[in-house]
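Q: I would like a close look at one part of this protein. Please walk me through its nonpolar packing.

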Amino acid sequence: MNAAFLYDGVRTPFGRYGGALAGIRPDDLAAHVLRVLAERTRLDPATVDDVLFGAANQAGEDNRNVARMAALLAGWPTSVPGATVNRLCGSSLDAVLHASRMIETGDAAVLVVGGVESMSRAPWVMTKPPKGFPAGDATLHSTTLGWRLVNPEMPARWTISLGEGTELLADLFGIDRAAQDEFATRSHQLAAQAWKNGFYDDHVAAVPDIELSRDEPVRPDTTVDTLARLRPSFRTNGTVTAGNASPLSDGACALLLGDEALADRIGCAPLARIAGRGAAGVDPDAFGIGPVEAARIALRRAGIGWGDVAVVELNEAFAAQSLACLAGWPELDPAIVNVNGGAIALGHPLGASGARIVNQLAREMRRRGSRWGLAALCIGVGQGLAVVLEATS
């Protein structure tokens, strides 16, 4: 089989809910990163076999196959096909996994993958009435995050909010408020330091006509004391707050994947090889620990163990959720996880986060000269995804 390689990646700065990017359509955000990726890699869009983009919502301006829409808006030839992947928070990582399989089997040689989400612009929706001209009131449902239009056959304990599910994990693993606030503070401080050190400068591309050059949610002045003053968000006496959870966000990310021959075609060496993939399911109310088994599967398929891994990117949906995963990986040194900050600080635009952590992982591996790295994330409704990267130089 062929080997699948990650060549480059670029993303927008991530914006806060209702913030700097709230006026930009998600298909325009996606088109922007496609254009930038092609320019920086000298990629001829006509040579792209497929565009695979993740999007978790798809209820508003990201409907009708946002991958195809973005390619058209980017001015790419109509001959370039596109497909949209939806595995909720894991959508763009799933796109990476699908694309790598296509390359390995010879079905494709050049793919652009990624994801986009505008949580600010997610619409309200309503069901159609059972008959025309209803006399009663109608209910609007927000599509920004979480369950909506729930099937009554679904067990109620599975349809609790993501925040309540995280509270249950905190209870189960004995993760107190102080530990969560400390984890969140670390995320902000590392993200701020990484921006100061220039880690993000070469792969974050500002959106034209928008005054946002860095991730909007990052708060360099965050401390454990400031987070301790915040009220619980889901339980009166709970531990999960707006400060130790990832914020609602807007943004897009695109990656270039290809076979070994692509290096000569674009004159660019790859960053890493896709070496192992893993997907796992758990109870929906315990969604946060989905990465635990997914990572084990990916490591096994890559033929390595935790002792070989030098860097880990774990998407920080919530501090308690991330700490629960770390508890499930006792062999892993927490110091090598999210060394440039995570989603609590950077933001979590659902469809884009998987691509973000893959790109970030590959770049940190290269900076350190590390051979092996792993990226993983949890997924609403009880799933986890993971990928193992092997450095190419």
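Leaving aside its neighbours within four places in sequence, which residues is V48 in contact with?

A: Keep in mind that this is a predicted model. Beyond its neighbours within four places in sequence, V48 is in contact with L43, W76, V80, V110, L111 and V112.

Now step back to the core around this residue. V48 is among the residues with the most contacts inside the largest nonpolar core, which has 38 residues. L34, V51, F53, W76, V112 and L256 are the others named for this. Several elements give two or more residues to this core. The strands are β1 (5-11), β3 (50-54), β5 (110-118) and β8 (249-258). The helices are α1 (26-41), α2 (66-73) and α7 (262-266). Of these, α1 gives the most, with eight residues. Another core lies apart from this one. That second core has 37 residues, including A184, A280, I304 and A324.

In soluble globular proteins, nonpolar side chains tend to be buried together. Now look at the surface for a contrast. W124, M126 and L140 make a nonpolar surface patch of about 390 Å². L140 sits in the loop between β6 (124-125) and β7 (141-142). L140 counts as exposed because its relative accessibility is 54%, and the cut-off for exposed is over 50%.

One record adds a label. UniProt lists residues 270-390 as "domain: Thiolase C-terminal", in an unreviewed entry. Over residues 270-390, the chain is 36% helix and 25% strand. The end C-alpha atoms of that stretch are 11 Å apart.

How values were computed:
Residues numbered from 1 in each chain as written. Predicted model: local features only at pLDDT ≥ 70, side-chain atom pairs only at ≥ 80, totals over all residues. Heavy atoms only, no water. UniProt positions renumbered as here; feature names shortened; annotations may be inferred. Helix = DSSP H or I, 4+ residues; strand = E, 2+ residues; numbered from the N terminus. Core = buried A, V, L, I, M, F, W, Y, C linked by side-chain atoms within 4.5 Å. Buried < 20%, exposed > 50% of the residue type's maximum accessible area, 1.4 Å probe, protein only. Contact = heavy atoms within 4.5 Å. Patch = residues over 30% accessible without salt bridge, like charges linked within 9 Å, V, L, I, M, F, W, Y side chains within 5 Å. Areas by Shrake-Rupley, 256 points an atom, 1.4 Å probe, with all protein chains shown as cover. Salt bridge = Lys/Arg side-chain N within 4 Å of Asp/Glu carboxyl O.
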